[in-house]
Amino acid sequence: MFPSTLLFFFVIFLQKYVSLASDPDPVQDFCISSIGYSSANTDHCKNSSTATVEDFVFSGIKLAGKFGPTGLSATSVNSNIFPGLNTLGMSFVRADFEVGGVNVPHFHPRATEIAFVLEGKVYSGFVDTNNKIFAKVIEKGEVMVFPKGLVHFQVNVGDTPATILGSFNSQNPGLQRIPTAVFGSGIKDELLEKAFGLSSKEVSKLKKRFASH
Ligand SMILES: *[C@@H]1O[C@H](CO)[C@@H](O)[C@H](O)[C@H]1NC(C)=O
């Protein structure tokens, strides 16, 4: 075969592989990372005989974290901060909402999320690739699933604070917030003006507001 044909098949194979990819199955009981961060890389497991129960317990979400400007406090419990999750293909999040607090439209490139309302009343939804919206108010005790990679959002519509617990089928689901990705990443002004039908003044204002932090 010509090299270009080979390359073609390789690219097709790669696309297929990447589109089906999820976290790999573990090949040992667990793999507490020995290098401070986790990458689903089993070359860096600490010797399992030195593991203790503390490696499998995370105590950092007993309380809400610091609230951001939209009235949301979200603490991701992924393999980067909880090395015990390494190679296990799942992770967690605690999200607290002030009254009216918003979790801006965002997506997780590597995971489906299932979210449980622990307290409160939250308008919650996602948008599919046909731009159809699926959204409603969910209440204490209800769960909603956000399919992998789709844009989703939430706002506390109750008159008390709300808390949501979420779970992901990746040890490191990734998070991309639409406003910051678009206006806080350094995309050229001219492009954003055309894409959104905005004046250069409006684009500057949005860029200032969503400058990466
Ligand atoms: C892990 O530690 C045990 C006990 O110290 C030792 O016997 C074993 O060889 C170690 N395993 C590896 C892969 O280093």
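## A buried histidine to start from

H152 is buried, with 21 other C-beta atoms within 10 Å. Keep in mind as you look around that this is a predicted model. H152 lies in strand β8, which covers residues 151-156. Leaving out residues up to four places away in sequence, H152 touches H106, F107, G125, F126 and F146.

## The annotated site

H152 also appears in a database record: the UniProt annotation "binding site", from an unreviewed entry, covers H106, H108, E113 and H152. These residues span 47 residues in sequence, yet no two of their C-alpha atoms are more than 11.9 Å apart, so they gather at one spot.

E113 is worth a closer look. This residue sits in strand β4, and E113 is buried because 22 other C-beta atoms lie within 10 Å. Setting aside residues up to four places away in sequence, E113 touches H108, F146, G166 and F168. F146 is thus in the contact list of E113 and also in that of H152.

## The overall layout

Now let's step back to the whole chain. There are four helices and ten strands, and along the sequence they follow the pattern α-β-β-β-β-β-β-β-β-β-β-α-α-α. Of the 213 residues, 25% count as buried. Among contacts between residues at least 6 apart in sequence, 70% join residues at least 24 apart.

## Strands side by side

Five of the strands form an open sheet in the order β6-β5-β8-β3-β10, with antiparallel pairing. β6 (133-139) and β10 (176-177) stand at the edges with a single partner strand each, so one side of each has no neighbour in the sheet. Within this sheet, seven bridges join β5 (residues 121-127) to β6, and the two run antiparallel. You can find S124 standing opposite K136 in β6.

β4 and β7 are also an antiparallel pair, held over four bridges. There, F116 has V143 in β7 as its bridge partner. The side chains of β7 alternate: M144 and F146 point to one face and are buried, while V143 and V145 point to the other and are not.

## The nonpolar core

Which residues of the largest nonpolar core touch the most other members? They are A95, F97, V117, V122, A162 and I164, out of 18 residues in that core. At least two core residues come from each of β1 (72-77), β2 (91-97), β4 (113-119), β5, β7 (143-146) and β9 (162-168). The largest share, three residues, is supplied by β2. In soluble globular proteins, nonpolar side chains tend to be buried together.

A95 gives a glimpse of the contacts there. Not counting residues up to four places away in sequence, A95 touches L72, A74, N103, I164 and G166.

## Out in the open

Some parts of the chain are exposed instead. D128 lies in the loop between β5 and β6, and D128 is exposed, with 11 other C-beta atoms within 10 Å. From C-alpha to C-alpha, D128 and V151 are 7.5 Å apart in space, and 23 residues separate them in sequence.

Towards the end of the chain, helix α3 (residues 189-196) has eight residues and the number buried is zero, so this helix lies largely in the open. Just after α3, G197 takes a positive phi of about 65 degrees. R209, found in helix α4 (residues 200-210), is exposed, with 12 other C-beta atoms within 10 Å. R209 and P179 are 30 residues apart in sequence and 9.3 Å apart in space, C-alpha to C-alpha.

Conventions: Residues are numbered from 1 along each chain as its sequence is written. This is a predicted model: local features need pLDDT of at least 70, side-chain atom pairs count only at pLDDT 80 or more; totals for chains, interfaces and linings use all residues. Two strands pair if DSSP finds at least two bridges between them. A nonpolar core is a set of buried Ala, Val, Leu, Ile, Met, Phe, Trp, Tyr and Cys residues joined through C-beta atoms within 7 Å. A residue is buried if 20 or more other C-beta atoms lie within 10 Å of its own, exposed if 12 or fewer, and partly exposed in between; C-beta atoms are placed from the backbone. Two residues are in contact if their C-beta atoms, placed from the backbone, lie within 7 Å. UniProt positions are given in the numbering used here, feature names are shortened, and annotations may be inferred rather than shown by experiment.
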